[in-house]
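Trainee: Please take a close look at one part of this model for me. I would like the helix packing and the core treated together, in one connected account.

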Amino acid sequence: RPVPTVILGAVAGLLVGMTSVGAGSIVIVVLLLLYPALKASQLVGTDLVQAVPLVAAASLGHLLYGDFSLGLTTSLLIGAIPGAWFGAHVSARAPGGIIRRALAILLLASGLKLLGASLPVVLGAAAAALVLGNLLWFLVKRRFGAAPAVSEADSTPEELADGPSSDPIDEPADDTAETSPRR
């Protein structure tokens, strides 16, 4: 989808240049909508690679106008560079579902902070989303997901004689792209 992707790039460039918001928070959400078949780690990697020249261009503009603090920038980079390196390694190996959940919680926290919520409210909402979101996901998967496998020891002779069930609800869900680690 080249046209929507180019439009996304133009809007992201404008937003990053004006507010420094967009390289990660807005672009990744729109990429998730435009390319739902891609793995979360591929979307994160694509977003990061495009963010480097995008942020470099915005940074150059702000450097030329003197709109930055060298001490603050240096301190941020000392922590951010190793953190980004570690995060890239984790993202490459983590299941897609974990990455998507982390993105959702981070976007929730960012949105609340941008709306003026206090730090305790933001932390409480993020913790609640982490706990309640995973609990809700577990209940949904349990209710609508695959039925648990029944061992032969738990089966009656009639069930074993019938062979495997042809009922699709008994078949395991095919969500290996979201749950298995990429090797």
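Mentor: Start with one side chain in this predicted model. Isoleucine 99 touches Ala40, Ser41, Val44, Ser91 and Ala94, leaving aside residues up to four places away in sequence. Ile99 is also among the residues with the most contacts inside the largest nonpolar core. That core has 15 residues. Leu8, Val27, Ile28 and Leu31 are the others named with the most contacts inside it. Four helices, α1 (2-19), α2, α3 (40-65) and α5, each supply at least two residues of the core. The largest share, 5 residues, comes from α3. As a rule, nonpolar side chains in soluble globular proteins tend to be buried together.

Now the helix pairs. Take α2 and α5 to begin with. Helix α2 covers residues 25-34 and helix α5 covers residues 96-114. Their axes come within 11 Å and cross at roughly 135 degrees. The two helices are therefore oblique to each other. The crossing of α2 past α5 is left-handed. On the α2 side, Ser25, Ile28, Val29 and Leu32 make the contact. On the α5 side, Arg100, Leu103 and Leu107 meet them. By class, this contact has 5 nonpolar, 1 polar and 1 charged residues. Ile28 thus has two roles: it meets α5 as part of this contact, and it is listed among the core residues with the most contacts.

Next, α1 against α2. These helices pack at an angle of about 170 degrees, with axes 10 Å apart. An angle over 145 degrees counts as roughly antiparallel, so α1 and α2 are roughly antiparallel to each other. From α1, the contact takes in Pro4, Thr5, Leu8, Ala12 and Leu15. From α2, Ile26, Val27, Val30, Leu31 and Leu34 take part. The class count here is 9 nonpolar, 1 polar and no charged residues. Leu8, Val27 and Leu31 recur: they belong to this contact, and they are among the residues with the most contacts in the core.

Look at Pro4 within that pair. Proline 4 sits in helix α1. At 35% relative accessibility, Pro4 counts as partly exposed. Proline 4 and valine 30 are 26 residues apart in sequence, yet their C-alpha atoms are 9.6 Å apart in space. Both residues appear in the contact of α1 with α2.

Then α1 against α3. The pair packs at an angle of about 40 degrees, and the axes are 9 Å apart. Here α1 passes α3 in a right-handed crossing. Ala12, Gly13, Val16 and Gly17 are the α1 residues in the contact. Their partners in α3 are Leu54, Val55, Ala58 and His62. This contact divides into 5 nonpolar, 3 polar and no charged residues. Ala12 serves both faces of the story: it is in the contact with α2 and in the contact with α3.

Finally, the setting. The protein has 8 helices and 0 strands. Along the sequence the pattern reads α-α-α-α-α-α-α-α. Of its 183 residues, 16% are buried. Among contacts with a separation of 6 or more, 64% join residues 24 or more positions apart.

Definitions and conventions:
Residues are numbered from 1 along each chain as its sequence is written. This is a predicted model: local features need pLDDT of at least 70, side-chain atom pairs count only at pLDDT 80 or more; totals for chains, interfaces and linings use all residues. Side-chain values use heavy atoms; hydrogens and water are left out. Axes are lines fitted to C-alpha atoms, for helices over the stretch in contact, and angles run from 0 to 180 degrees between N-to-C directions. Angles under 35 degrees count as roughly parallel, over 145 as roughly antiparallel, 65 to 115 as roughly perpendicular and the rest as oblique. A crossing is left-handed if the near helix is turned anticlockwise from the far one by less than a right angle, and right-handed if clockwise. Contact means heavy atoms within 4.5 Å. Ala, Val, Leu, Ile, Met, Phe, Trp, Tyr, Cys and Pro count as nonpolar, Asp, Glu, Lys and Arg as charged, and the others, Gly among them, as polar. A nonpolar core is a set of buried Ala, Val, Leu, Ile, Met, Phe, Trp, Tyr and Cys residues joined through side-chain atoms within 4.5 Å. Buried means under 20% relative accessible area, exposed over 50%, partly exposed in between (1.4 Å probe, protein chains only).
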